Amino acid sequence: MFRRHRRLRENPVIREMVRETFLHPSDFIYPIFVVEGENIKKEISSLPNNYHYSVDMLEGAIAEIKEAGVKSVLIFGLPGYKDECATSAFEENGIVQKAIKKIKKICPDMYIITDVCMCEYTSHGHCGILHDHGVDNDETLEYIAKIALSHAQAGADMVAPSDMMDGRILAIREALDENGFKNVPIMAYSAKYCSAFYGPFREAADSAPKSGDRKSYQMDPSNVREAMLEIEDDIDEGADIIMVKPALPYLDVIRAARDRYDVPMAAYNVSGEYAMVKAAAQAGLINEKAIVLELLTSIKRAGAKMIITYHALDACRWLREE
Ligand code: PBG
């Protein structure tokens with residue numbers, strides 16, 4: 001006797017009945033890039049079909065995002081100027097702060113998450129305060145907390161620190177709580193690896209380090225146990241949601257975290273993962289829709305509930321066609 005597995009694959013109804021993993025529009029968070037200036041909607045060459053928007057052009061962008069069925073965005077800003085300590089990241093009228101206010105005006109129920117980091121705003125391109133010996137962890141914490149607070153003050157629904165300094169979740173939690181933002185959640189880029197897959201993003205966000213690399217703060221791609229420690233500390237410090245980033249080359253890390261921790265988990269399907277799929281699709285080598293839905297399903301199957309992805313709008317549209 002052998003088991004007839006094919007019985008439950010006979011037609012779409014039974015296949016759906018036994019299906020274990022479903023993608024849903026509520027899973028997706030769509031990254032957007034906001035720039036200073038006016039009348040700008042410019043395609044990002046390293047991220048096809050994604051754009052740099054000036055604040056006055058966000059109306060069209062938000063309408064399209066809503067229309068696709070995506071309910072949440074992750075904002076990245078390209079500031080008007082950069083300095084040693086990322087001043088433009090925490091100004092009341094900084095680019096992200098202006099974008100938050102504008103989006104809340106256009107669409108109050110669009111859920112706004114902000115990336116909290118210094119690398120787009122520092123002249124040296126590192127994610128913190130730079131001294132001779134490298135990025136100073138504890139000094140950076142004050143700035144990270146200030147940036148997160150300024151986002152909450154502008155109206156962000158959630159903040160997402162991506163700098164990988166130690167102690168940042170606690171620093172941000174304290175700053176938010178002391179200033180009346182007890183209910184603003186923190187999504188921690190907990191296990192953020194030092195990855196070559198961020199290449200296209202650094203071009204899009206103009207955030208590549210001018211010298212050196214990020215190996216002294218982002219994680220070594222070889223390590224999974226260390227990721228569990230990072231996640232545990234972030235949960236202890238008050239993270240509401242944990243994240244693994246990148247997603248596809250790190251599905252084992254997502255699975256390990258899912259098995260071990262019960263807090264909601266996000267995965268960031270990063271720019272390099274997106275760019276590779278787009279290049280293959282443009283070369284006519286793959287069926288883009290099928291590949292994207294399969295990849296996103298694999299991230300969810302590995303254990304992430306939320307997926308930050310540049311495919312979000314397409315994925316939502318395709319799911320509706322299914
Ligand atoms: C900022 C940040 C990065 C990404 C998200 N936030 C770049 C980096 O750490 O170098 C990468 C996102 C992507 O590649 O899509 N620190």
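How many nonpolar, polar and charged residues are in the lining of the second largest pocket? By class, that lining has nine nonpolar, two polar and three charged residues. The model is a predicted one. This briefing covers its ligand, its cavities and its two largest pockets.

**The ligand**
- The ligand has 17 residues around it. Lys192, Arg202, Lys245, Ser271 and Tyr310 come nearest.
- By class, this shell holds nine nonpolar, three polar and five charged residues.
- Lys192 places a side-chain N or O atom 2.5 Å from an oxygen atom of the ligand.
- Arg202 has a polar side-chain atom 2.6 Å from a ligand oxygen.
- Tyr310 also has a polar side-chain atom 2.6 Å from an oxygen atom of the ligand.
- Taken alone, the ligand exposes 400 Å², and the protein buries 100% of that.

**The cavities**
- A probe the size of a water molecule, rolled over the atoms, shows where empty space is left.
- The count comes to three cavities of 30 Å³ or more.
- The largest cavity holds about 110 Å³ of space.
- The ligand sits in this largest cavity.
- The lining of the largest cavity consists of 14 residues. Nearest its centre lie Cys119, Lys192, Phe201, Arg214 and Lys245.
- Five residues of the largest cavity's lining are nonpolar, three are polar and six are charged.
- Lys192 and Lys245 turn up twice: they are among the residues that come nearest to the ligand, and they are also among those nearest the centre of the largest cavity.

**The largest pocket**
- The largest pocket has about 560 Å³ of space.
- Its lining has 17 residues, and Arg19, Thr21, Thr297, Leu319 and Glu322 are the closest to its centre.
- Helix 1 (12-17) and helix 10 (288-302) each give at least two residues to this lining.
- Helix 10 supplies the largest share, seven residues.
- The lining of the largest pocket divides into six nonpolar, three polar and eight charged residues.

**The second largest pocket**
- The second largest pocket has a volume of about 160 Å³.
- It is lined by 14 residues, with Tyr30, Asn49, Glu64, Leu313 and Arg317 closest to its centre.
- Two strands and two helices each supply at least two lining residues: strand 1 (28-35), strand 3 (51-54), helix 2 (58-68) and helix 11 (312-321).
- To return to the opening question, nine residues of this lining are nonpolar, two are polar and three are charged.

Methods:
Residues numbered from 1 in each chain as written. Predicted model: local features only at pLDDT ≥ 70, side-chain atom pairs only at ≥ 80, totals over all residues. Heavy atoms only, no water. Near = heavy atom within 4 Å. Polar contact = N/O pair within 3.5 Å; in protein donor to acceptor, adjacent residues only side chain to side chain. Areas by Shrake-Rupley, 256 points an atom, 1.4 Å probe, with all protein chains shown as cover. 1 Å grid on protein atoms, 1.4 Å probe; cavity = no way out; pocket = protein on both sides within 12 Å on 5 of 7 lines; lining within 4 Å. Sits in = over half its atoms within 2 Å of the grid points. Nonpolar A, V, L, I, M, F, W, Y, C, P; charged D, E, K, R; others polar. Points joined across faces, edges and corners; volume = space filled by probe spheres on them. Helix = DSSP H or I, 4+ residues; strand = E, 2+ residues; numbered from the N terminus.
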